[in-house]
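Visitor: I am new to this structure and would love a close look at a single part of it. Could you pick one spot and walk me outward from there?

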Amino acid sequence: MNEISDRDLELSFADKLDRAARPLGWLLAVLAIVYAWTVAMAPIDSIQGPIQKILYVHPPLAYGAYLGFVVTAFGGMMYLWKDQENFDRLAIAGAEVGLLFCTLMMVTGPIWARGTWGHWWSWDPRLTVTLLLWFIYLAYLLLRAFGDAGPRTARFGAVYGIVGVLLIPLNYYVIEIFGSRSMHPENLERGSLGDGMGLPFLLGNLTLGVAFVWLLVRRWQVENLRAIAARWGRPEEDLQ
Amino acid sequence: MRVALAVLWKDLLTEWRSRDRLVAMAVFALLVVVIFHFALPEGTGRQIASNAPGLIWVAYVFTALIGLNRSFSQELENDALSGLALAPGERGWVFLGKAAANFTMIGTVQAMTAAAFGLVFDLDLGSVALELAAITALGTAGICSVGTLIAAMAVRTRFGEVLMPILLLPTLVPVIVGAVDGTEHLLETARIPFDAVQLLIVVDATYLITSFLCFEYVLDE
């Protein structure tokens, strides 16, 4: 009897995630069209040329990447504390979506760097920290893949996720103090963007923020359905 | 604390009787030093001296990887790991004992590696031996704290030997940066650089506390 109610509980949570993801998906579709339009209409930078338009994609991807890693650590910590599998599934979703955003950021960054700084790569503090984080979350996913399916691997993942997120401030401090000089701007101050650039930048943050949440919720749902299928068989019929 | 001392004593005694880990690490470290000679064929005199801090830490880190991996793989035999998990008190003390044993063994091999490095590349490391030992100890404490935690996880996965460096190396960057910077300043000025020591203490403390607390979730029966 308990077995059946546990399954129903899990299915109902996966259904809740599905219901949350649907409106987010529609919102994302609308935002993506408006965002693409504003980026296309945005003025072309007089010095950098069209390549400057990567600005509307690159920083929002960075926020998503860091957020994904924070979600992974949060999910891991909550899993260790509460011992609820759902938090572990959230941690996996955070790592995968974070890694996707991080990879896209690492692709767009060098393209922009080549156009503006003249070379693909520099050991800039922010770049180096991001590269290390990319490796850490790749390692996190390998740890999950090479471990047995079960609570032990989930605990290992949680511990490694916590160590990984600790490295964000630690590495940043280390590389800022001991490493090379930064080539990135300190921050985007008010008025530092040219006329007509503020709106696409804002929309970029909003659209990719919604994309992050949508992907996270969908990935979390998939992880839940996978767990249900592994434990009780395929659940499609119940969801229809 | 008694658990930590018991685990430390057990590991040191086991190693004293077999000497397999120390020998393997020592031979590997010597080979790395020899490989440096061939990798840098022009590398004599000033060129080696300017690269020495980085090279010596590369040798230290790769050697530590071997020692750390073996530290837990030997516990898999006869399911000795379950016995460790049954030790009374917090499992963090087991971690501390293991980390201390790793620190002792890796430190021993590091002393030998530094002597060989100085000898074959004609570097005067003897005049700053104590200061160098202090910086090396701080760096090694960082490697052993997070390394012991990660080794305990990696050893119980498929491809554990492959996974171990993939998991560990990204976490060692703050330690390597501090240790290489400290060694470089020491060899140049013959004084211990405060910035590097401060950094290594912060990193060591962060890794030690985190690993102590997290070991509870890593070691299971």
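Guide: Gladly! Let us start at B:L167 in this predicted model. Setting aside the neighbours within four places in sequence, B:L167 is in contact with A:A139, A:L143 and A:Y160 from chain A, and with B:I150 and B:A154 from chain B. B:L167 also belongs to the largest nonpolar core, a set of 121 residues. Within that core, the residues that touch the most other members are B:L167, B:I150, B:V218 and A:V159.

From this residue we can step back to the place where the two chains meet. There, 22 residues of chain B are in contact with 23 residues of chain A. On the chain B side, four helices each supply at least two residues: α6 (129–154), α7 (160–168), α8 (173–189) and α9 (194–218). Which of them gives the most? That is α9(B), with 7 residues. Sorted by class, the residues on this side of chain B divide into 15 nonpolar, 4 polar and 3 charged.

One of those helices, α8(B), deserves a pause. Of its 17 residues, 13 are buried, so α8(B) is largely enclosed by the rest of the structure. Its length can be checked too: at 1.5 Å a residue, α8(B) should span 24 Å, and its end C-alpha atoms are indeed 24 Å apart, so the two values agree. Just after α8(B) comes B:A190, which takes a positive phi of about 60 degrees.

Now let us visit another part of chain B, where two helices pack together. Two packed helices are described by the angle between their axes and the distance between the axes. For α1 (residues 2–18) and α5 (residues 92–120) of chain B, the axes come within 7 Å and cross at roughly 35 degrees. The crossing of α1(B) and α5(B) is right-handed. On the α1(B) side, the residues that meet α5(B) include B:V3, B:L5, B:L8, B:L12 and B:E15. Among their counterparts in α5(B) are B:W93, B:L96, B:K98, B:T104 and B:M105. By class, this contact has 13 nonpolar, 2 polar and 3 charged residues.

Finally, a look across at chain A, the partner in the contacts we began with. Chain A has 7 helices and 0 strands. Of its 240 residues, 37% are buried. Among the contacts in chain A with a separation of 6 or more, 82% are between residues 24 or more positions apart.

Notes. Residues numbered from 1 in each chain as written. Chains lettered and ligands numbered in written order. Predicted model: local features only at pLDDT ≥ 70, side-chain atom pairs only at ≥ 80, totals over all residues. Buried ≥ 20, exposed ≤ 12 C-beta atoms within 10 Å, placed from the backbone. Contact = placed C-beta atoms within 7 Å. Axes fitted to C-alpha atoms, helices over the stretch in contact; angles between N-to-C directions. Left-handed = near helix turned anticlockwise from the far one by under 90°. Nonpolar A, V, L, I, M, F, W, Y, C, P; charged D, E, K, R; others polar. Core = buried A, V, L, I, M, F, W, Y, C linked by C-beta atoms within 7 Å. Expected span 1.5 Å × (residues − 1).
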